[in-house]
Amino acid sequence: MTSSDALSVRPLSLMDRSQWGDLWAAYLAFYQTSRPKTIFDTLFERLMGNDPQDFNCLVAERGGKLVGLTHFLFHRHGWRVENVCYLQDLYADPSVRGQGVGRKLISAVYEAADAAKAPSVYWMTQDSNAEARKLYDRIGTLTPFIKYERGT
(Lines give C-alpha, C1' and ligand atoms only; values in the text may rest on other atoms or scores of the structure.)
Protein backbone atom coordinates (compact mmCIF):
# COMPACT_ATOMS: atom_id res chain seq x y z
CA MET A 1 0.00 0.00 0.00
CA THR A 2 1.44 3.39 -0.96
CA SER A 3 1.15 6.47 1.23
CA SER A 4 -1.51 7.81 -1.16
CA ASP A 5 -3.56 4.68 -0.40
CA ALA A 6 -3.27 5.12 3.38
CA LEU A 7 -6.47 5.64 5.29
CA SER A 8 -6.76 8.94 7.12
CA VAL A 9 -9.49 10.37 9.32
CA ARG A 10 -10.02 14.10 9.44
CA PRO A 11 -12.72 16.72 10.03
CA LEU A 12 -15.18 17.39 7.22
CA SER A 13 -14.35 20.40 5.02
CA LEU A 14 -16.38 22.58 2.67
CA MET A 15 -14.65 20.91 -0.29
CA ASP A 16 -16.16 17.56 0.77
CA ARG A 17 -19.81 18.57 0.18
CA SER A 18 -20.46 16.36 -2.84
CA GLN A 19 -18.66 13.23 -1.60
CA TRP A 20 -20.12 13.66 1.90
CA GLY A 21 -23.61 13.90 0.36
CA ASP A 22 -23.06 10.71 -1.61
CA LEU A 23 -21.89 8.83 1.50
CA TRP A 24 -24.72 10.09 3.67
CA ALA A 25 -27.28 9.20 0.98
CA ALA A 26 -25.82 5.68 0.84
CA TYR A 27 -25.99 5.45 4.65
CA LEU A 28 -29.65 6.47 4.60
CA ALA A 29 -30.36 3.97 1.80
CA PHE A 30 -28.77 1.23 3.92
CA TYR A 31 -31.43 1.99 6.53
CA GLN A 32 -34.07 2.10 3.77
CA THR A 33 -34.82 5.78 4.10
CA SER A 34 -34.01 9.07 2.42
CA ARG A 35 -34.24 12.75 3.24
CA PRO A 36 -35.07 15.81 1.11
CA LYS A 37 -32.34 18.13 -0.17
CA THR A 38 -33.22 20.70 2.50
CA ILE A 39 -32.20 18.24 5.22
CA PHE A 40 -28.88 17.56 3.47
CA ASP A 41 -28.25 21.30 3.14
CA THR A 42 -29.20 22.02 6.74
CA LEU A 43 -27.11 19.20 8.16
CA PHE A 44 -24.06 20.17 6.10
CA GLU A 45 -24.42 23.79 7.21
CA ARG A 46 -24.59 22.68 10.83
CA LEU A 47 -21.58 20.40 10.39
CA MET A 48 -19.61 23.38 9.07
CA GLY A 49 -20.78 25.67 11.87
CA ASN A 50 -19.15 26.36 15.21
CA ASP A 51 -22.03 25.75 17.63
CA PRO A 52 -20.60 23.41 20.29
CA GLN A 53 -24.03 21.83 20.76
CA ASP A 54 -24.32 20.91 17.09
CA PHE A 55 -23.11 17.86 15.21
CA ASN A 56 -19.50 17.19 14.28
CA CYS A 57 -18.34 15.13 11.33
CA LEU A 58 -15.22 13.13 10.72
CA VAL A 59 -14.52 11.53 7.38
CA ALA A 60 -12.29 8.66 6.35
CA GLU A 61 -10.29 9.32 3.20
CA ARG A 62 -8.18 7.06 1.02
CA GLY A 63 -6.43 8.19 -2.13
CA GLY A 64 -8.31 11.50 -2.19
CA LYS A 65 -11.71 9.79 -2.00
CA LEU A 66 -14.03 9.84 1.01
CA VAL A 67 -14.80 6.25 2.04
CA GLY A 68 -16.52 6.74 5.39
CA LEU A 69 -18.14 9.21 7.73
CA THR A 70 -19.37 9.64 11.26
CA HIS A 71 -21.66 12.28 12.76
CA PHE A 72 -21.54 12.83 16.52
CA LEU A 73 -22.46 15.43 19.10
CA PHE A 74 -21.86 16.29 22.72
CA HIS A 75 -24.83 16.89 24.98
CA ARG A 76 -25.78 17.25 28.60
CA HIS A 77 -26.86 14.26 30.61
CA GLY A 78 -29.07 14.28 33.68
CA TRP A 79 -26.88 11.77 35.53
CA ARG A 80 -23.51 13.47 34.90
CA VAL A 81 -21.89 16.86 35.25
CA GLU A 82 -19.89 16.37 32.04
CA ASN A 83 -21.34 16.20 28.57
CA VAL A 84 -21.63 12.79 26.91
CA CYS A 85 -21.04 11.95 23.26
CA TYR A 86 -23.71 10.48 20.98
CA LEU A 87 -22.37 8.87 17.80
CA GLN A 88 -25.42 9.11 15.54
CA ASP A 89 -24.20 8.00 12.12
CA LEU A 90 -21.35 5.73 11.08
CA TYR A 91 -20.88 4.56 7.52
CA ALA A 92 -18.14 2.91 5.49
CA ASP A 93 -18.46 2.49 1.74
CA PRO A 94 -19.05 -1.20 0.93
CA SER A 95 -15.83 -1.27 -1.14
CA VAL A 96 -13.75 -0.73 2.03
CA ARG A 97 -15.69 -2.68 4.62
CA GLY A 98 -13.58 -5.02 6.68
CA GLN A 99 -10.52 -2.79 6.19
CA GLY A 100 -10.67 -0.91 9.50
CA VAL A 101 -12.60 2.16 8.38
CA GLY A 102 -15.37 1.83 10.99
CA ARG A 103 -12.90 1.07 13.76
CA LYS A 104 -10.73 4.05 12.83
CA LEU A 105 -13.73 6.40 12.73
CA ILE A 106 -15.02 5.22 16.11
CA SER A 107 -11.52 5.53 17.59
CA ALA A 108 -11.40 9.11 16.33
CA VAL A 109 -14.74 9.83 18.01
CA TYR A 110 -13.36 8.29 21.23
CA GLU A 111 -10.37 10.66 20.93
CA ALA A 112 -12.67 13.66 20.38
CA ALA A 113 -14.71 12.63 23.44
CA ASP A 114 -11.54 12.32 25.52
CA ALA A 115 -10.39 15.77 24.37
CA ALA A 116 -13.81 17.18 25.33
CA LYS A 117 -13.67 15.35 28.68
CA ALA A 118 -16.85 13.46 27.80
CA PRO A 119 -16.66 10.19 29.77
CA SER A 120 -19.24 8.33 27.69
CA VAL A 121 -19.67 7.62 23.98
CA TYR A 122 -22.81 5.76 22.96
CA TRP A 123 -24.58 4.75 19.76
CA MET A 124 -27.41 2.58 18.48
CA THR A 125 -27.78 0.20 15.58
CA GLN A 126 -30.46 -2.10 14.29
CA ASP A 127 -30.37 -5.53 15.91
CA SER A 128 -30.20 -7.01 12.40
CA ASN A 129 -27.01 -5.10 11.51
CA ALA A 130 -24.92 -8.21 12.17
CA GLU A 131 -21.79 -7.17 10.29
CA ALA A 132 -21.42 -3.85 12.13
CA ARG A 133 -22.27 -5.49 15.44
CA LYS A 134 -19.21 -7.73 15.11
CA LEU A 135 -17.08 -4.59 15.34
CA TYR A 136 -19.24 -2.96 18.02
CA ASP A 137 -19.01 -6.05 20.21
CA ARG A 138 -15.19 -5.75 20.10
CA ILE A 139 -14.90 -2.03 20.85
CA GLY A 140 -17.99 -1.25 22.93
CA THR A 141 -20.30 -2.73 25.51
CA LEU A 142 -23.78 -3.89 24.57
CA THR A 143 -26.31 -2.39 26.98
CA PRO A 144 -29.67 -3.83 27.96
CA PHE A 145 -31.59 -0.70 26.94
CA ILE A 146 -34.33 -0.78 24.32
CA LYS A 147 -35.19 2.36 22.34
CA TYR A 148 -38.72 3.72 22.20
CA GLU A 149 -39.94 6.76 20.31
CA ARG A 150 -43.16 8.67 19.91
CA GLY A 151 -45.55 6.96 17.52
CA THR A 152 -47.20 8.73 14.65
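This is a short walk through two helix pairs, two pockets and one cavity, with a note on what to select at each stop.

Before you click, know that the model is predicted: local features need pLDDT of at least 70, side-chain atom pairs count only at pLDDT 80 or more, and totals for chains, interfaces and linings use all residues. Residues are numbered from 1 along each chain as its sequence is written, and side-chain values use heavy atoms, with hydrogens and water left out.

**Stop 1: helix 1 and helix 2**

Select residues 17-30 for helix 1 and 37-48 for helix 2. Helices (H or I, at least four residues) and strands (E, at least two) are DSSP runs, numbered from the N terminus. The two helices pack at an angle of about 120°, with axes 11 Å apart. Those axes are lines fitted to C-alpha atoms, for helices over the stretch in contact, and angles run from 0 to 180 degrees between N-to-C directions. Helix 1 and helix 2 are therefore oblique to each other (under 35 degrees is roughly parallel, over 145 roughly antiparallel, 65 to 115 roughly perpendicular, and the rest oblique).

Now show side chains. On helix 1, the contact (heavy atoms within 4.5 Å) is made by Arg17, Trp20, Gly21, Trp24, Ala25 and Leu28. Helix 2 answers with Ile39, Phe40, Asp41, Leu43, Phe44 and Leu47. By class, that gives 9 nonpolar, 1 polar and 2 charged residues (Ala, Val, Leu, Ile, Met, Phe, Trp, Tyr, Cys and Pro count as nonpolar, Asp, Glu, Lys and Arg as charged, and the others, Gly among them, as polar).

**Stop 2: helix 3 and helix 4**

Next, pick 101-115 for helix 3 and 130-139 for helix 4. Here the angle is about 40°, and the axes are 11 Å apart. Helix 3 and helix 4 are therefore oblique to each other. Look for Gly102, Arg103, Ile106 and Tyr110 of helix 3 meeting Leu135, Tyr136, Arg138 and Ile139 of helix 4. This contact has 5 nonpolar, 1 polar and 2 charged residues.

**Stop 3: the largest pocket**

Switch on a surface. On a 1 Å grid over the protein atoms alone, a pocket is an open set of points with protein on both sides within 12 Å along at least five of seven lines; a cavity is a set where a 1.4 Å probe fits but cannot get out, and lining residues have an atom within 4 Å of a point. Grid points are joined across faces, edges and corners, and a volume is the space filled by probe spheres set on the points.

The largest pocket has a volume of about 1,600 Å³. Select Tyr86, Trp123, Met124, Thr125 and Lys147: of its 38 lining residues, these are the closest to the centre. The lining divides into 18 nonpolar, 12 polar and 8 charged residues.

**Stop 4: the second largest pocket**

This one has a volume of about 500 Å³. Of its 20 lining residues, Ala92, Arg97, Glu131, Ala132 and Leu135 are the closest to the centre. Helix 4 gives the largest share of the lining, 6 residues.

**Stop 5: the cavity**

How many cavities of 30 Å³ or more does the structure hold? There is 1, and the largest cavity has a volume of about 70 Å³. To see its lining, select Tyr27, Tyr31, Leu87, Gln88, Asp89, Leu90, Trp123, Met124, Thr125 and Tyr136. Strand 4 gives the most, with 4 residues.
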